[in-house]
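Open the model in your viewer and switch to a cartoon view. This tour goes stop by stop, with something to select at each one.

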Amino acid sequence: MRATVMYGAGDVRIENVPDARIIEPTDAVVTVTRACICGSDLWPYQKMEPTDTGRVMGHEAIGVVEAVGGEVRKIRRGDVVIMPFAFSDGTCVFCHDGLQTSCVHGGFFGTTEVAGAQAEAVRIPLADGTLFPVQVDKDDALMPSLLTLSDVMGTGHHAAVRAEVGPGKTVAVVGDGAVGLCGVIAARRLGAQQIIILGRHADRIALAREFGATDVVSGRGDEAVERVRALTGGLGAHSVLECVGLDAAMTTAISVARPGGAVGRVGVPQNEMMPASQPAFYNNLSVSGGPAPARAYIEELLPDVLDGSIQPGRVFDRVIGLDDVPDGYRAMNQRESIKIMVKP
Ligand SMILES: [Zn+2]
């Protein structure tokens with residue numbers, strides 16, 4: 001089968017690899033009908049050390065179950081399924097707590113250990129716990145929005161949950177990438193009164209406004225902090241969603257939070273150390289977040305996708321085939337595209 005293999009920074013190839021197949025009796029094999037390129041795929045695209053073996057990329061997908069192992073009970077051949085970016089058994093203490101990204105038997109797709117989904121097919125470990133069947137046709141018009149439930153919408157929602165967004169609150173969203181945009185959707189959905197997006201790309205800002213952003217701050221650093229303060233009566237925002245992962249973004253997130261407020265961080269941190277520790281301390285901020293338990297959030301978000309009350313699929317501004325995936329990485333890395341859908 002054909003798959004996307006990354007060999008190092010800037011080196012993405014479409015290659016023939018061994019077919020995805022059942023290895024453990026709890027596995028399933030899914031034919032990928034939709035996948036996408038994630039903002040977090042751009043970190044290895046920029047930094048990965050060259051390797052000879054490569055890594056099959058992709059951790060967001062929807063597809064059709066082709067085969068199941070002998071111990072799979074809930075998932076059946078022919079099911080249309082959402083694949084969250086982490087696999088999980090669905091039975092351990094953390095899965096019961098709704099934190100499937102910490103599953104004691106779990107892990108992540110698109111790593112050196114488990115092949116990813118920017119491919120014609122993907123092996124799903126722990127299929128019963130991992131996959132979420134949906135009762136729609138594989139070419140349903142809602143597919144782009146359903147696909148976001150495998151990561152980006154769940155991640156934006158997680159940032160909002162960890163930032164303690166609620167009715168009447170003031171929210172700042174740091175980052176206008178696909179996750180930040182989904183964070184705007186999530187903040188509005190949870191009842192925020194004011195939603196300030198910090199970002200600088202005209203196309204993304206326009207979409208953020210349609211998703212519910214009430215204010216836009218396009219400056220950076222101290223200038224952005226001053227603007228957010230001015231927009232919040234000098235107090236700062238109750239809830240801040242950090243959707244980038246760079247130190248500068250985290251510093252801004254902490255600096256625009258109101259004393260006693262909360263920062264929900266979902267941008268993959270690019271440094272060991274967390275910046276702005278002292279202002280976070282002196283302002284009594286809650287700083288929380290991490291990889292979103294997307295599997296847990298599908299249940300909550302799916303009805304709103306199905307009835308059209310949220311349309312996170314609008315973050316996709318380009319659809320490509322597998323052959324164009326290397327150019328898709330380039331386009332997202334150069335900010336030509338917000339988020340790219342792949343139809344293998
Ligand atoms: Zn588990």
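**Stop 1: the six-stranded sheet**

Start with the open sheet of six strands, ordered β13-β12-β11-β14-β15-β16 and paired in parallel. Select 215-217 and 286-289 next: these are β13 and β16, the edge strands. Each has a single partner strand, so one side of each is left without a neighbour in the sheet. Look along the sheet for its twist, which averages 20° from one strand to the next. Keep in mind that this is a predicted model.

Now pick one pair of strands. Residues 170-174 form β11 and residues 194-198 form β12. Five bridges link these two strands in the parallel sense. To check the register, show Val171 of the pair; Ile195 in β12 stands opposite.

**Stop 2: a helix across the sheet**

Select residues 152-162, helix α5. Which strands does α5 lie across? They are β14 (237-242), β15 (257-265) and β16. Against β15, α5 runs at about 155°.

Add helix α11, residues 294-306. The two helices pack at an angle of about 95°, with their axes 10 Å apart. α5 and α11 are therefore roughly perpendicular to each other, since angles of 65 to 115 degrees count as such.

Show side chains at the contact. From α5, display Met153, Gly154, His157, His158 and Val161. From α11, display Tyr297, Glu300 and Leu301. By class, four of these contact residues are nonpolar, three polar and one charged.

**Stop 3: the largest nonpolar core**

The largest nonpolar core has 51 residues. Select Leu146, Leu149, Met153, Val165, Val173, Ile197 and Leu241, the members that touch the most others. Then colour 178-189: this is helix α6, which gives the most to this core, with eight residues.

Centre on Ile197. What is in contact with Ile197, leaving aside its neighbours within four places in sequence? The list includes Val173, Val184, Ile205, Ala208, Val216 and Val217. Gly175, Asp176, Ala213 and Asp215 are also in contact with Ile197.

A second, separate core has 34 residues. Among them are Met6, Leu126, Leu322 and Ile340.

**Stop 4: the three-stranded sheet**

Finish at an open sheet of three strands, in the order β2-β1-β4, with antiparallel pairing. Its edges are β2 (11-16) and β4 (55-56), each pairing on one side only. Select residues 2-8 for β1, joined to β4 by two bridges. Val5 stands opposite Val56 in β4.

Last, add residues 325-333, helix α12, which packs on this sheet and touches β1 and β2. The direction of α12 makes about 160° with that of β2.

Methods. Residues are numbered from 1 along each chain as its sequence is written. This is a predicted model: local features need pLDDT of at least 70, side-chain atom pairs count only at pLDDT 80 or more; totals for chains, interfaces and linings use all residues. Side-chain values use heavy atoms; hydrogens and water are left out. Two strands pair if DSSP finds at least two bridges between them. Helices (H or I, at least four residues) and strands (E, at least two) are DSSP runs, numbered from the N terminus. Contact means heavy atoms within 4.5 Å. Axes are lines fitted to C-alpha atoms, for helices over the stretch in contact, and angles run from 0 to 180 degrees between N-to-C directions. A nonpolar core is a set of buried Ala, Val, Leu, Ile, Met, Phe, Trp, Tyr and Cys residues joined through side-chain atoms within 4.5 Å. Buried means under 20% relative accessible area, exposed over 50%, partly exposed in between (1.4 Å probe, protein chains only). Angles under 35 degrees count as roughly parallel, over 145 as roughly antiparallel, 65 to 115 as roughly perpendicular and the rest as oblique. Ala, Val, Leu, Ile, Met, Phe, Trp, Tyr, Cys and Pro count as nonpolar, Asp, Glu, Lys and Arg as charged, and the others, Gly among them, as polar.
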